[in-house]
Protein chains: 2
Amino acid sequence: MQSGDDIGGAKPGSGRESMPAGHGDNGETRPRLRAPVMSDVGRLAGVSHQTVSRVINGSPHVRPETRERVMAAMQELGYRPNPVARALVTGRSKMLGVVSFDTTLYGPASTLFGIERAAHEAGYFIIVASLEALDRSSVIDAVDRLRRQGVEGILVIAPHAQAGEALLHAPTDMPLVAAEAGPEHGAPVVAVDQVAGAVSATRHLLDLGHQTVWHISGPRDFIEARQRREGWRTTLNEAGIDIPEPLEGDWSPQAGYELGRRLSRDQQVSAVFVANDQMALGLLRAMHEAGREVPGDVSVVGFDDIPEAAYFQPPLTTVRQDFIEMGRRSLRMLLRTIETGRRASAEPLVPPELVVRGSTGVAPAR
Amino acid sequence: MQSGDDIGGAKPGSGRESMPAGHGDNGETRPRLRAPVMSDVGRLAGVSHQTVSRVINGSPHVRPETRERVMAAMQELGYRPNPVARALVTGRSKMLGVVSFDTTLYGPASTLFGIERAAHEAGYFIIVASLEALDRSSVIDAVDRLRRQGVEGILVIAPHAQAGEALLHAPTDMPLVAAEAGPEHGAPVVAVDQVAGAVSATRHLLDLGHQTVWHISGPRDFIEARQRREGWRTTLNEAGIDIPEPLEGDWSPQAGYELGRRLSRDQQVSAVFVANDQMALGLLRAMHEAGREVPGDVSVVGFDDIPEAAYFQPPLTTVRQDFIEMGRRSLRMLLRTIETGRRASAEPLVPPELVVRGSTGVAPAR
DNA sequence: GGGCCCCCGGTTAGCGCTAACATGCCGCCG
DNA sequence: CGGCGGCATGTTAGCGCTAACCGGGGGCCC
């Protein structure tokens with residue numbers, strides 16, 4: 001199943017393709033203003049435009065000799081097939097839409113990156129629509145813009161509860177896959193196993209002998225935040241340990257810092273599971289300023305494993321999410337949906353990995 | 001100048017638009033498999049398909065009453081115009097291509113974000129093509145893929161020298177703007193004033209009384225790295241100060257750490273200008289481990305102002321680049337090129353801003 | 001009161017491509 | 001040796017839309 005990508009001749013190196021036809025041409029002197037079309041190629045090669053189409057689409061019913069002549073003609077004219085015309089007649093645009101919130105953040109940016117890579121390998125293009133805000137109508141609007149533009153399927157990076165709910169109301173006539181949404185929403189979902197990550201973080205701290213584990217969570221309307229909180233809570237619960245009141249931040253280092261100051265005043269606090277690395281950074285600073293040693297007095301675990309985490313002071317123990325893998329999987333799933341025409345079966349959750357570094361240590365003696 | 005976006009009726013809330021036409025319909029009972037097209041709308045509204053087109057494109061030559069009827073028909077059928085067909089006939093796809101390297105990094109990701117936002121406002125869509133590698137042929141290839149897909153213009157985020165050179169060989173028949181490339185390359189460029197940023201960083205350290213300023217630079221084949229080094233060098237030069245040998249890193253925290261360990265052993269070193277915040281983070285850690293106080297013994301200035309920088313220990317003095325603004329400007333420039341048909345005149349450099357925090361202080365007494 | 005122009009809408013002809021059918025030619029079989 | 005099948009190509013008909021032109025009716029001016 002080869003598509004129009006195998007034109008070969010138009011590959012790099014043919015830098016002159018944009019020049020006017022010029023000298024080598026037969027008779028025609030006026031510089032061509034209009035880009036060459038299929039029938040131009042056909043005329044030059046002495047065949048019909050349809051044969052040119054056959055060559056481009058790799059039809060077997062073309063004599064090698066004819067094929068050669070057509071290829072040469074394409075090369076000479078600098079012909080490039082018009083994807084829009086093709087899309088009109090085939091109904092396939094080879095474009096996929098991605099709806100994402102704040103692609104400035106490490107997580108969404110990496111996921112997007114993974115998606116783009118995988119799409120490229122599969123011969124698709126990615127159109128991005130970033131969200132104005134995190135409410136339902138923004139998501140609906142973005143999805144709508146993308147389908148208006150003629151994409152074949154849509155991928156929503158929707159870590160937000162309300163955004164996820166919006167998918168319930170999304171049109172059903174277009175393949176759609178959600179990344180990092182809750183499983184309860186209509187669309188098929190690909191996600192990292194947030195609960196397992198939170199469990200391993202919390203368990204790690206408990207194993208180090210800490211009496212209990214405090215938690216700085218993300219905003220309650222983020223699904224990941226909820227799931228991480230759940231993982232933390234159930235772990236403590238199962239261990240029969242008192243559950244401290246969780247503090248809610250907004251993912252920012254500043255929130256981590258401010259909530260960290262609160263925690264730093266409480267001498268009981270010896271272990272904190274923070275819902276992401278940026279807030280953990282803020283917490284680290286707050287503890288430092290309060291004169292509480294990490295990990296001597298307080299152990300800290302983050303979430304995400306951003307590239308900076310290994311160089312925090314101290315290097316941060318954290319839960320790594322493979323965003324790129326998640327992007328790949330969600331794209332694969334979308335492609336399957338498009339090709340089979342049915343909703344794809346669920347993808348397994350992507351397992352996260354606890355990375356132990358210097359911010360966690362055994363509980364201080366009491 | 002309104003485009004097809006003003007259909008209004010197809011906005012959110014019309015969630016049922018994907019349902020089969022159903023009961024309210026006049027006579028037709030079979031559920032429509034095919035999406036409605038313009039003539040379907042026309043038939044229902046009792047006008048020709050062309051009038052429907054006029055309504056969609058906001059032509060003034062339509063009676064308000066007729067317009068109403070057409071809008072109602074569109075609403076009822078859940079009609080959405082086919083952008084592909086429109087693009088074929090107008091030759092305008094409303095799509096712009098962005099070529100970028102590693103959109104995982106804060107800089108490119110933010111620039112991309114700014115671009116997407118501005119494109120959306122202008123009614124355009126963005127197709128991303130990320131680079132496999134940082135060589136010329138990757139760039140050529142990515143540009144080629146995008147033009148094959150029918151974009152109207154291309155934006156290259158090309159901080160790399162070889163990538164920039166590739167633009168010299170880029171086809172000239174398509175509007176193209178580069179962001180963060182060197183001015184010597186063929187394409188029009190939008191960029192942050194790296195030299196000015198480096199100058200202000202270096203001058204800041206000198207003003208604090210430091211004898212000289214060391215430098216950890218980025219890879220030499222990054223244009224920004226070169227320009228920052230130049231700014232640093234000329235500032236020292238003009239002050240008549242000995243210029244220490246610069247150390248070259250690869251932007252990563254690890255490089256900053258390793259080079260930082262080298263510098264930490266040299267008691268002469270009292271001020272370091274680091275070419276980005278991530279390396280500065282590594283340096284901070286190296287200094288800490290070596291027992292050298294920042295800013296007591298050594299002052300450090302970074303570059304970028306990533307969101308984490310304010311929460312490093314100590315908070316990092318750095319040079320802020322407004323990536324989003326750069327994205328907006330480069331998009332504006334591209335749009336101007338597309339609309340006027342000529343290469344746009346140069347955009348002024350985006351001024352960076354020195355943000356003084358806790359990592360810089362007066363020189364230690366000797 | 002006749003010509004003219006403007007408003008409103010219809011009709012027609014593509015945009016560049018692919019799908020489907022038509023055609024001529026050859027080789028092979030009975 | 002006639003017919004038949006398949007190969008290589010040409011021909012035709014759209015995909016859904018916009019651009020360009022066409023035309024009827026009404027108001028306005030001279």
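Copies are superposed here by least squares on the C-alpha atoms of residues with pLDDT of at least 70 in both. The model on screen is predicted.

**Stop 1: the two protein chains**

Select chains A and B. A turn of 180° and a shift of 0.1 Å along the axis lay chain B on chain A with an RMSD of 0.2 Å. The two copies are therefore related as by a two-fold rotation axis. To find that axis from the side of chain B, pick B:I127: of the residues of this chain, B:I127 comes closest to the axis, with its C-alpha at 2.3 Å. The same surface serves both copies, as 98% of the contact residues of chain B recur in chain A.

**Stop 2: the contact between A and B**

Now colour the residues at the contact, to which chain B gives 48 residues and chain A gives 47 residues. On the side of chain B, the elements that supply two or more residues are α4, α5 (106-121), β2 (125-130), α6 (136-148), α10 (253-264) and α11. Which of them gives the largest share of the side of chain B that touches chain A? It is α5(B), with six residues. Coloured by class, this side of chain B shows 21 nonpolar, 17 polar and 10 charged residues.

Next, show the backbone of β2 in both chains. Strand β2 (residues 125-130) of chain A is joined to β2(B) by three bridges, and the two strands run antiparallel. Within this pair, A:V128 stands opposite B:I126. B:I127, the residue of chain B that comes closest to the rotation axis, falls within the range of β2(B), 125-130.

**Stop 3: DNA strand D**

Select DNA strand D and the protein residues around it. There are 25 of these, and the closest are A:S48, A:Q50, B:M38, B:S53 and B:A85. Both chains take part: α2 (49-56) and α4 (83-90) of chain A, together with α2 and α4 (83-90) of chain B, each give two or more residues to this surface. Helix α4(B) has the largest share, five residues. The surface near DNA strand D is made up, by class, of 11 nonpolar, 12 polar and two charged residues.

**Stop 4: DNA strand C**

Move the selection to DNA strand C. Which residues are the closest to it? They are A:M38, A:S53, A:A85, B:S48 and B:T66, out of 25 residues that surround the strand. At least two residues of this surface come from each of α2 and α4 of chain A and α2 and α4 of chain B. Here the largest share, five residues, belongs to α4(A). By class, the surface near DNA strand C has 11 nonpolar, 12 polar and two charged residues.

**Stop 5: helices α2 and α3 of chain B**

Stay with chain B and isolate α2 (residues 49-56) and α3 (residues 64-77). Their axes come within 10 Å and cross at roughly 95°. Angles of 65 to 115 degrees count as roughly perpendicular, and α2(B) and α3(B) are therefore roughly perpendicular to each other. Show the side chains at the contact: B:T51, B:V52 and B:V55 from α2(B), and B:T66, B:R67, B:V70 and B:M71 from α3(B). Four of these residues are nonpolar, two are polar and one is charged. B:T66 has already appeared on this tour, among the closest residues to DNA strand C.

**Stop 6: the parallel sheet of chain B**

Go to the open sheet of four strands, whose order is β7-β6-β8-β9 in chain B, with parallel pairing. Its edge strands are β7 (247-248) and β9 (299-301), each of which pairs on one side only. Strand β6 (residues 214-217) is joined to β7(B) by two bridges. To see one partner pair, select B:I216 and B:L247.

Add the helices on the sheet. Helix α8 (residues 194-207) of chain B lies across β8 (271-274) and β9, at about 170° to β8(B). Helix α11 (residues 277-289) touches β6, β8 and β9 of chain B, and its direction makes about 150° with that of β8(B).

**Stop 7: backbone details**

Finish with the loop between α11 and β9 of chain B, where B:P295 is found. The peptide bond between B:V294 and B:P295 is cis, with omega about 10°. In chain A, the bond from A:V294 to A:P295 is cis too, with omega near 10°, and A:P295 lies in the loop between α11 (277-289) and β9 (299-304).

The last selection is B:D304, in the loop between β9 and β10 (318-320) of chain B. What is phi of B:D304? It is near 125°, a positive value in a residue other than glycine.

Terms used: Residues are numbered from 1 along each chain as its sequence is written. Chains are lettered from A and ligands numbered from 1 in the order in which they are written. This is a predicted model: local features need pLDDT of at least 70, side-chain atom pairs count only at pLDDT 80 or more; totals for chains, interfaces and linings use all residues. Axes are lines fitted to C-alpha atoms, for helices over the stretch in contact, and angles run from 0 to 180 degrees between N-to-C directions. Angles under 35 degrees count as roughly parallel, over 145 as roughly antiparallel, 65 to 115 as roughly perpendicular and the rest as oblique. Two residues are in contact if their C-beta atoms, placed from the backbone, lie within 7 Å. Ala, Val, Leu, Ile, Met, Phe, Trp, Tyr, Cys and Pro count as nonpolar, Asp, Glu, Lys and Arg as charged, and the others, Gly among them, as polar. A residue is near a molecule or strand if its C-beta atom, placed from the backbone, lies within 6 Å of it. Two strands pair if DSSP finds at least two bridges between them.
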